[in-house]
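Student: Could we zoom in on one small part of this protein and go through it slowly?

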Amino acid sequence: MIPIVIIGGGASGLMLASLLPSKSAIVIESNPKVAAKLLVSGGGRCNVTNEVVSSDNYLGDKDFVSKILRQFDQNALLRWCEARGLSLISQKNHQYFCPNSAKEIVSILSKESNKQTVLLNEQVVSINPLQDGFAVQTNKQQIKAMSVVIASGGLSYPILGASDIGYKLAQNVGHGISKLSPALVGFTLQKEQFFMKELSGSSVGNVEIKVGTKSCRGDLLFAHKGISGPSVLNASLYWEKGSISIDFLPDFRWKSLSGSKKNISTLLPLPKRVIKSLLENLNIADKTFDALTKDEKDRLLGLQNYSLAPAGTFGFSKAEVTKGGVSTDEIDSSTMMSKFVNNLYLIGEVLDVTGELGGYNLQWAFSSAFVCAKALESKIK
C-alpha cells in the first residue's frame, strides 16, 4: 500500500506532489501530459498570482479562504518560484506573469513532481474507503493507498480534458456539491442588445460593471457571441441571473461637453464606432451636447448606468474556471481533509472557492496544496 494517491496533474496536484517527500505519492492524470490547462492560461504566459491577495478576491467562505491563504500567501509563492530560478514579472493591475511563457512554471512543477510516480493517460473510475485506506480504481488497475487527494480541477476547457470526476468522487462518499457553472467567461445577449454583436472586434478601455453590490472595473470587448473582456469576466463570477449595470464612462465629467460645438461622438472618450452605435440604440441624435433636449440628455447620462440582462454565458468551453463545487463547510481548513471521510483530501478548483481574474485561482490552487502537503507530511513522518 502506497502512502498517497493524488488525482489530477494540474496546478494543485503538481504543487502538492512537489512538496511531499520523494516516492510518497502516485499522481494520476487522465491527459497524455500534465498541466495542460496551465500551459494556456494567461494567454500562454500564465498569470501565477497577484501583488494583492485577500479573501475579498474570492467567491466562497471568506473565513475558510483566509485561513488557507495565510499559510501560503503570494509572497511565499513568489519566494518558492524565485528559489527555483523563476522570477515572475509584475504587470497590468499588479498581476504576476512568467517572463516568457507558461512553460517556465510548468517545467518547474513537472521537474519537482517527478520525485513521485506520475501516471499519464489513466482515468480514475472510483475510490472506495477501506479499513486502513482506499482502493483507487482506474481504467487500467487498482491502487491501494493510505490517503487520497482529489485535485482534479473543474469543468472549464473540456477540450483540454476537464471532467466532473472530482465532483462525482466527492459526491459518492457523501459530500455536497453546490451548483456548478462557468465563471470568468463572456456574456451572451438578449435581442435588445444584439446591436453589440455588430461591434465585434471593438473594445472600451475602462468600464465599471455592477452586479448587485459588487463592482468590476476593466476593459470590455465586443465579440460575435456577446461581450467579454476583464470587466465582464469578473462580473460573470458574481452574476446568477437578472440585470447588470455598465458604466461606459466612469469618472467622466459631463460639464466638459457644455459649450462645445463638436458632436457628442467626437467629444466622448469612447471609440467612435462604439459611441455611434450606443447613441443609435438610445435613440439620440449625434449633435452638440447643448443642442440635446432634456430627455435626450437624461438618456445620454444612461451611458453611466446602462442596464442589460445577459441571456447567459459563453459556457464551459470558454470559461477560465468553474464556479461552485464541494462545500468548504465539509473540509478542515487546517489540513484540507474531508470531515466525512478520514484521509480523503480535496484541494484546488474542485472546492467551492473561485477567484477573480488576476492570478487568484492559481494562488488558491498552490495555497490549498501547501496546506494539504503539511498535513500529509506529518502523517508520513
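Student: Which helix does Gln74 lie in? Please take a close look at that part.

Tutor: Sure! First, this is a predicted model, where local features need pLDDT of at least 70 and side-chain atom pairs count only at pLDDT 80 or more, while totals for chains, interfaces and linings use all residues. Residues are numbered from 1 along each chain as its sequence is written, and side-chain values use heavy atoms, with hydrogens and water left out.

Gln74 lies in helix H4, residues 74-83 (helices are DSSP runs of H or I with at least four residues, numbered from the N terminus). Gln74 has 10% relative accessibility, so Gln74 counts as buried (under 20% relative accessible area; exposed is over 50%, partly exposed in between, with a 1.4 Å probe and protein chains only). Leaving aside neighbours within four places in sequence, Gln74 is in contact with Thr49, Asn50, Glu51, Val52, Val53 and Gln363 (contact means heavy atoms within 4.5 Å).

Now follow Gln363, which belongs to the H11 side of another contact. Helix H3 (residues 62-71) and helix H11 (residues 360-380) pack at about 75 degrees, with axes 8 Å apart. Axes are lines fitted to C-alpha atoms, for helices over the stretch in contact, and angles run from 0 to 180 degrees between N-to-C directions. H3 and H11 are therefore roughly perpendicular to each other (65 to 115 degrees; under 35 is roughly parallel, over 145 roughly antiparallel, the rest oblique). H3 brings Phe64, Val65, Ile68, Leu69 and Gln71 to this contact, and H11's residues include Gln363, Trp364 and Phe370.

Note on methods:
Helix = DSSP H or I, 4+ residues; strand = E, 2+ residues; numbered from the N terminus.
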